[in-house]
Amino acid sequence: MDPDWLPFHPHPSKPRFTPPAGAVDAHCHVFGPEEIFPYAPERKYTPCDAPKEKLFALRDFLGFERNIIVQASCHGNDNRALVDALLHSQGKARGVASVGHNVTDAELLAMHAAGVRGTRFNFVRRLADFTPRNVLADIAARIAPLGWHVVVYFEMQDLPELWDFFTTIPTTVVVDHMGRPDVTKPVDGPEFAQFIKLLAEHENIWAKATCPERLSKSGPPDYNDAAPFAKRLVDTFPDRVLWGTDWPHPNMKSHMPDDGKLVDFLPRIATTAALQQKLLVENPMRLYWSDET
Ligand code: 0GY
């Protein structure tokens, strides 16, 4: 792993908040293990191994029932570690893959059978090389008939430039980590208002109310500056929000969060049992397990 890599928390605390029955951790990753699933040559970082067994143990410890495993950029378009985790999850995990232009229909169908239900487009420059928009549009058109959606990861200052592309994607679009707002700016300010507008005008766009630890400048354990942004999304779009731990927290530099404390963030952003049920159960089940509900 990279010399400055922060490994995931070795002993997270037990959350005080009990997630509702059937809760889904809708954003997490597996890394490696490298000796079985090597990291991609084009990766921008080399993490510590974070294998499926650790993820599933954390899921149980935190009180969740299911996972959405999102392909991380360190594995590039090689989805073998992700697919392996899905196939060993006993139906309790579904996934979001990363695919290139050259993916075959047979590969897409095999991933679907394993539980993949989306593909991720990463626009964060420190993580991914540029892919032309027409290539991404082609991929979106190919995955749409499978009922998959597109997950987009970008930084808020790039939203104006990405707006036209996002709003022409023909599938459901899920925005990672609230679009990475600058949480030192006011939640009512123009930057976040643009993001709210994007969702208000496009009912196919969803958001993950995730990653206070990544966005916060005020820091752990309360992440007080990030909380209003997540709460605003949950209150405004209760049927189009997801939540996840982001375990094993790639590229955290300031600190490594205690996953139990992250779960305790939930009742501050979803303040009623009804909102918690939507955020943690109904919404992810509709998006990822519609064939079972
Ligand atoms: C996240 C965030 C990050 C990394 C990745 O694919 C990735 O490598 O998404 C990040 O560095 O902000 O969602 O895990």
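In the next few minutes I will walk through a predicted model of a protein with a ligand, beginning at the ligand and then moving to some individual residues and to the backbone.

Let us start with the ligand, and with a question: where does the ligand sit? In this model the ligand sits in the largest cavity, and the shell of residues around the ligand divides into 5 nonpolar, 6 polar and 5 charged. Of the 16 residues around the ligand, the ones that come nearest are His-29, Tyr-45, Ser-73, Tyr-153 and His-177, and I would ask you to keep His-177 in mind, since we will return to that residue later.

Three arginines also deserve a careful look here. Arg-120 has a polar side-chain atom that lies 2.8 Å from an oxygen atom of the ligand, and for Arg-126 a polar side-chain atom is likewise found 2.8 Å from a ligand oxygen atom, while for Arg-214 the corresponding distance, again from a polar side-chain atom to an oxygen atom of the ligand, is 3.2 Å. How much of the ligand's accessible area does the protein cover? On its own the ligand has 350 Å² of accessible area, and the protein covers 100% of that.

Now we can turn to three residues chosen from other parts of the chain. His-27 belongs to strand E1, which spans residues 24-28, and the side chain of His-27 is joined to the side chain of Asp-176 by a polar contact of 3.5 Å. Is His-27 buried or exposed? Its relative accessible area is 0%, and because buried means under 20%, His-27 counts as buried.

Leu-233 lies in helix H8, which runs over residues 227-236, and Leu-233 is also buried, with a relative accessibility of 0%. If we follow the sequence, Leu-233 and Ile-269 are 36 residues apart, yet in space their C-alpha atoms are 8.6 Å apart.

Gly-147, by contrast, is found in the loop between helix H4 (133-143) and strand E5 (149-153). The relative accessible area of Gly-147 is 56%, and since exposed means over 50%, this glycine counts as exposed. Gly-147 and Asp-105 are 42 residues apart in sequence, and from C-alpha to C-alpha they are 14 Å apart in space.

My last topic is the backbone, and here a general remark is useful: most residues other than glycine have a negative phi, and most peptide bonds are trans. With that in mind, which peptide bonds are cis? One of them runs from Gly-32 to Pro-33, with omega near 5°, and Pro-33 is placed in the loop between E1 and helix H1 (52-62). Another joins Pro-220 and Pro-221, where omega is about -5°, and Pro-221 lies in the loop between helix H7 (212-215) and H8.

As for phi, we now come back to His-177, which has a positive value of about 55° although this residue is not a glycine. His-177 lies in the loop between strand E6 (173-175) and helix H6 (190-201), and with a relative accessible area of 2% His-177 is buried. His-249 has a positive phi as well, of about 60°, and is not a glycine either. The place of His-249 is the loop between strand E8 (241-242) and helix H9 (259-263), and at 0% relative accessibility His-249 counts as buried.

Note on methods. Residues are numbered from 1 along each chain as its sequence is written. This is a predicted model: local features need pLDDT of at least 70, side-chain atom pairs count only at pLDDT 80 or more; totals for chains, interfaces and linings use all residues. Side-chain values use heavy atoms; hydrogens and water are left out. A residue is near a molecule or strand if one of its heavy atoms lies within 4 Å of it. A polar contact is a pair of N or O atoms within 3.5 Å; within protein, one must be able to donate a hydrogen and the other to accept it, and residues adjacent in sequence count only if both atoms are side-chain atoms. Accessible areas come from the Shrake-Rupley method with a 1.4 Å probe; for residues, only the protein chains shown count as cover. On a 1 Å grid over the protein atoms alone, a cavity is a set of points where a 1.4 Å probe fits but cannot get out, and a pocket is an open set with protein on both sides within 12 Å along at least five of seven lines; lining residues have an atom within 4 Å of a point. A molecule sits in a cavity or pocket if more than half of its atoms lie within 2 Å of its grid points. Ala, Val, Leu, Ile, Met, Phe, Trp, Tyr, Cys and Pro count as nonpolar, Asp, Glu, Lys and Arg as charged, and the others, Gly among them, as polar. Helices (H or I, at least four residues) and strands (E, at least two) are DSSP runs, numbered from the N terminus. Buried means under 20% relative accessible area, exposed over 50%, partly exposed in between (1.4 Å probe, protein chains only).
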